[in-house]
Structures are given as structure tokens and as C-alpha cells.
Amino acid sequence: MAGREQTVQIDGRRVRLTNLDKVLYPTTGTTKAEVIEYYTRIAPVILPLLAGRPLTRKRWPDGVGTPEASSDSFFTKNIEQGAPEWVTRMPIAHSTGTKHYPIADSVATLVWLAQVASLELHVPQWRFGSDAHPLAPDRMVFDLDPGPGVSLADCADVARMVRDILHGMGMAAAAVTSGSAGIHLYAPLGGSVSSDAASTLAHELARALEADHPDAVISTMSKAARPGRVFIDWSQNNGKKTTISPYSLRGRVAPTVAAPRTWEELEDPALGQLTMTQVLARVDAGVEPFGDALASREA
């Protein structure tokens, strides 16, 4: 994808690409062309996770900047003006009016999202049904956020606590290093409980762990109480909230990824976040622990 501008055909869709040599991650020199290549190659594993989910995007049109000089970013829900007409979009009513969200259902859509510097792809835990109405959530998520003085390996300890409770309930658990600071833990739902019920269940689980491990876990959002503890954020199960999708890039100094991990990897005391190059190598080698973890427990 050398050059500054070109129009490509992807699955019969025309996508105009501009400024392909623009550096979006200055610290690593990662260009827009490389971001587009990442989303193109990761499509087989990310598209099934995005299917039917309204996308909230976090965009960095001027790149992510450097530790010394960060660049502006913004969240966007409504589909961008000038978006190709073939991009699928679905309406959601808000207090300020109806917004039309893009749905990532093709490689072409992923490429267009990368073209407009939508580095981060955030989605709810539910999908639209065939009648264009939201379905019940198909999964539950826990965001394990380390407070000051807490390592990623400490987060992994708490992830195992959550996993063990879920397994005791007959539920699977899949871990994702968030690409930022912590770990996301997912459990599949059968589509028979509401977002409110899923939030209540996740909240009760977080409170139970806090009661059993008060020195390691906190379930409330008070930042003053977080040093030395892992905050279990259960609130992202609210139907109006979103979480970074597994396999999405992050807008950090380096092009890290919300990367599905094996439970064996989470045993490593030197556990760290993964970059897009590392994640692509894993997927190319057939390592896909997110779907494998959930499928193996559901079987």
C-alpha cells in the first residue's frame, strides 16, 4: 500500500484510501497503511466478534502523538458524513435524537474505518436482531482495572478468581489483555437474560470477591480506594455502555491490541500487553484463544 492515495476494490466495494504514509503512531513509526493492513489481516477473527454490534469509534485523525505531546482524539457514534453508502448502519434513539451507528460486517468496512483513523472499535455486549431491534446480551464482561501499585500479573490473579466462580456456575471464561492497563474477562450468555440482569449478576460477583479479598479487590468506582487493588468494573454490562472489542487496536503510544490470551499465558509473572505485530503472528499461527476458550467450555 505504498503511496499517498489510491482506490481499492475489496469484495466488490470501492474504498478510497488517502495519506497512506501518514504516521499514526510516531513512537514506532506505524503508518496508516500498516493500520489498514492490520485490520485487513485480522478480519477473519474480529469480524465475527463485531457482527451485528453498533460501533462506537475512537478516532485519532492526527495520530496518537508521543508521550511528550499527545494528539487529540474523540469518540463518535453517529456514522461519519461522507461514509460510503454501502456501509451498513443501524439506528439507536438517544435523548439528543437518533444516531445511526456503522456495523462492521465486511473487510471493506474495516478498511474504511481504518482509513478515517478509527483506531479503537468499542461495542456493547448485545447485537441487533434480524428485526433491527437489540437482542438480549450474548456475553458478560468484567473490566479488571489495576490501581496504583498493581501489576498486570496481579490483575491475572483476580482474573483467575473470577474465572473460578464462573466455572462453578457452569460458565466459560475468556481473558483479553486490554492493550491499555488491565484485563477484560468475558463469559457467554444464552441470550435469555437482560442487560440489567447481567449487570446485577456481574455486580454481585464483584462484591463477593471484594468481601473475600478486601486487600486485593474493589468493586466500587472510588478512585481513592484503588491503590494496591484491582477494580472489577461490572458496569460495562449496561446495555448503553461499550467495551473495546477483542482484537481492536488501542490508541496508546505503541500500537497495542486488546489481545485474547490463554490461561497459561496469564500465569507468567512478566505478563505484558501485546502489539499488533505480535497479535498478527499469533493469529497467523492459529492461536485464537478467545473463541477456543468459550467453545471448549460450552461443548
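Which residues form a nonpolar patch on the surface? The points below address this and related features of the structure, which is a predicted model.

1. Surface patch. The nonpolar patch consists of Ile165, Met169 and Leu201. Together, these three residues present about 220 Å² of accessible area.

2. Setting of Met169. This member of the patch lies in a loop, with helix 3 (152–168) on one side and strand 11 (174–177) on the other. Its relative accessibility is 42%, and Met169 is therefore classed as partly exposed, since that class falls between the buried limit of under 20% and the exposed limit of over 50%.

3. Principal core. The largest nonpolar core comprises 56 residues. Tyr38, Tyr39, Ile42 and Leu110 have the most contacts inside this core. Helix 1 (residues 32–50) supplies the largest share of the core, namely 12 residues.

4. Contacts of Tyr38. Leaving aside residues up to four places away in sequence, Tyr38 touches Tyr247, Leu249 and Val257, and also Met276, Val279 and Leu280. Tyr38 is itself one of the residues with the most contacts inside the largest core.

5. Second core. A separate nonpolar core contains 30 residues. Among them are Cys155, Leu205, Val230 and Leu271.

6. Strand pairing. Strand 7 (residues 89–94) and strand 8 (residues 97–102) run antiparallel and are joined by six bridges. The connection between strand 7 and strand 8 is a hairpin of two residues. Within this pairing, Ala93 is placed opposite Thr98 of strand 8.

Methods
Residues numbered from 1 in each chain as written. Predicted model: local features only at pLDDT ≥ 70, side-chain atom pairs only at ≥ 80, totals over all residues. Heavy atoms only, no water. Patch = residues over 30% accessible without salt bridge, like charges linked within 9 Å, V, L, I, M, F, W, Y side chains within 5 Å. Areas by Shrake-Rupley, 256 points an atom, 1.4 Å probe, with all protein chains shown as cover. Salt bridge = Lys/Arg side-chain N within 4 Å of Asp/Glu carboxyl O. Helix = DSSP H or I, 4+ residues; strand = E, 2+ residues; numbered from the N terminus. Buried < 20%, exposed > 50% of the residue type's maximum accessible area, 1.4 Å probe, protein only. Pairing = 2+ DSSP bridges. Core = buried A, V, L, I, M, F, W, Y, C linked by side-chain atoms within 4.5 Å. Contact = heavy atoms within 4.5 Å.
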